[in-house]
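Trainee: Could you take me through one part of this protein closely, and then set that part against the rest of the chain?

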Amino acid sequence: MEIDKLIDAAFEPVSNAVASVIFYSVQLLDLEIKLILIWLVIAAVFFTFYLGFINIRCFGHAIEVLRGKHDNGDLIGQISRFQALMTSLSATVGLGNIAGVAVAISVGGPGAAFWMAVMGIFSMSTKFVEVTLGIKYRQCDNKNKISGGPMHYLFSAFERLNKPQMGKFMAGLFALCCIGGTIGAGGLFQANQAYQQALIVTGGDAGLLADRGWLFGLFMAVLVGMVIIGGIRWIAAVAGRVVPLMAIIYIVAGVIVIGIHHQAIPGALATVIEMALYPEAGLGALMGALLMGVQRATFSNEAGLGSSAIAHCAVKTHEPVSQGMVGMLGPFIDTVIICMVTALVIVISGSYVEGSGIEGVELTSRAFASGISWFPYVLSLTVFLFAYSTMISWSYYGLVCTTYLFGERPTVEWVYKLLFCMFIIIGASAQLSNIILFTDAMVFAMAVPNIIGLYMLAPEIKKDLRLYLQQLKQKTQKSSEE
């Protein structure tokens, strides 16, 4: 389409300018390291040590909270703990778990899988902090409608320093970047990739969907629209069903392939660890595996971006720290479990050896096909579900940020929802590469103001956590005495 090309060309200078700032890189051992990645990694490591490895010592308690073991009384909120976690996961569990892992291994080797898991564990601490703060500073109107996220705790953090104007600017910056990222990464990109995979399994350029991207986009827009019209309750209800389903389908398929190649499991695990810690090519290879693994893990679980805090803010709870515990399970499920299934299938099948250069979903598909010849069809289903769940969750993130900037009015909500659905159709029918690059940059720009706020409120979180654990210990002792 000529119109698509005109839009793409017009947006190119803006896209390149924004991306060059957000994704600015430095050279180290002939490797390009993105500064935004360092920003996210430092935060994950800092909060892990600062909070005394909360990601490990409170892991069991987090599962208990998710199961509702510590809930009691009437709770403020709109959705359950499980629904909040599934809504958050529906945004993070996506194409990165399928294609992103393959890219990491094809570039950084099998050792990248090890570092992905390590970074996933560290990222749990960042997620705990932002989810806890999101709930602590959330707003609730007289109709029990919740609005929360980094916008609110950023404003409060600067207001305490007697700099309310700076607080408004940082909160507004986050909200603006979130809206831009929502439309692109949550709408355009997901629709585009889902259509491309559907096109492959329906015969490619000679198939049923050839040159009918708009029709596929319209179909997805209707499905998304039917859910987002109902707000967070409907989104959470759908996410609570779709996320477990797509995760089970994908994990079961992965376990089957791993089982078929069961004799290769010990050797594959040894290869992953050896390539991660003692690569034959030396320090450069070690750094390459480490950086690629850390990058894909960080980009997959979104810890530090602040987006998940928006989903968790609608949960029914009086205790912010308790939901922070549930929130930190997200990176573990997303990066340590689902991403590692992909990684193990690729390494155990040996498919990465056959490739040349950077490979994404095609490497994953080839790896699964080594055990299940018809897996491309399963992959199409999972890609569709991953894309769909990501769309509905990110649409909510953008809606909350839109109403934060323009007011809680029905007109504002309807205009946003219609625009979001329109961009789904555009994403499936156009190749707007520069707009997608711009919106990707907007997504990661969210991490700049968000993590600044996390650092500013870190002492407060540490105090709240200490008090929470003390009260939990007292309750446990009292129960044991009774």
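Mentor: What follows begins with one helix and then moves outward to the core, the surface and two loops.

The model is a predicted one, and the part I would look at closely is helix 9, which spans residues 164-201. Two of its residues repay attention, Thr182 and Tyr195.

Thr182 has a relative accessible area of 0%, and because buried means under 20%, this residue counts as buried. Its side chain has a polar atom that lies 2.6 Å from the backbone oxygen of Cys178. If neighbours within four places in sequence are set aside, the residues in contact with Thr182 are Gly187, Trp394, Ser395, Tyr397, Gly398, Tyr416 and Phe420. Of these, Trp394, Ser395, Tyr397 and Gly398 carry numbers that fall within helix 19, residues 375-406, a helix to which I return below.

Tyr195, also in helix 9, is buried as well, at 7% relative accessibility. Its C-alpha atom is 6.6 Å from that of Gly213, although 18 residues separate Tyr195 and Gly213 in sequence. Gly213 is also among the residues that Tyr195 touches, once those up to four places away in sequence are left out, and the others are Leu209, Ala210, Asp211, Arg212, Phe216 and Ala428.

To set this helix in context, the protein as a whole has 23 helices and 4 strands, and 55% of its 482 residues count as buried. Among the contacts between residues at least 6 apart in sequence, 84% join residues that are at least 24 apart. In soluble globular proteins, nonpolar side chains tend to be buried together. In this model, the largest nonpolar core has 140 residues, and Phe128, Met325 and Phe444 are those with the most contacts inside it. Helix 19 supplies the largest share of this core, with 16 residues. Met325 itself touches Ile54, Cys58, His61, Ala62, Phe128, Leu465, Tyr468 and Leu469, not counting residues up to four places away in sequence, and Phe128, one of these partners, is another of the residues with the most contacts inside the core.

The surface offers a counterpart to that core. Tyr24, Val26, Leu35, Ile38, Ile42 and Phe46 form a nonpolar patch there, with about 490 Å² of accessible area together, and helix 2 (residues 35-50) gives the most to this patch, with 4 residues. Phe46, which lies in helix 2, has a relative accessible area of 32% and is therefore partly exposed. For the whole protein, the exposed area is about 20,400 Å², of which carbon and sulfur atoms supply 66%.

Finally, two loop residues deserve a check of their backbone angles. Phe53, in the loop between helix 2 and helix 3 (54-57), has a phi near 55°, a positive value in a residue other than glycine, and Phe53 is partly exposed, with a relative accessible area of 31%. Glu302, in the loop between helix 13 (283-301) and helix 14 (307-312), likewise has a positive phi, of about 60°, although it is not a glycine. Glu302, however, counts as buried, at 8% relative accessibility, whereas Phe53 is partly exposed.

Methods
Residues are numbered from 1 along each chain as its sequence is written. This is a predicted model: local features need pLDDT of at least 70, side-chain atom pairs count only at pLDDT 80 or more; totals for chains, interfaces and linings use all residues. Side-chain values use heavy atoms; hydrogens and water are left out. Buried means under 20% relative accessible area, exposed over 50%, partly exposed in between (1.4 Å probe, protein chains only). A polar contact is a pair of N or O atoms within 3.5 Å; within protein, one must be able to donate a hydrogen and the other to accept it, and residues adjacent in sequence count only if both atoms are side-chain atoms. Contact means heavy atoms within 4.5 Å. A nonpolar core is a set of buried Ala, Val, Leu, Ile, Met, Phe, Trp, Tyr and Cys residues joined through side-chain atoms within 4.5 Å. Patches are made of residues with over 30% relative accessible area and no salt bridge: like charges are joined within 9 Å, nonpolar side chains (Val, Leu, Ile, Met, Phe, Trp, Tyr) within 5 Å. Accessible areas come from the Shrake-Rupley method with a 1.4 Å probe; for residues, only the protein chains shown count as cover. A salt bridge is a side-chain nitrogen of Lys or Arg within 4 Å of a carboxyl oxygen of Asp or Glu.
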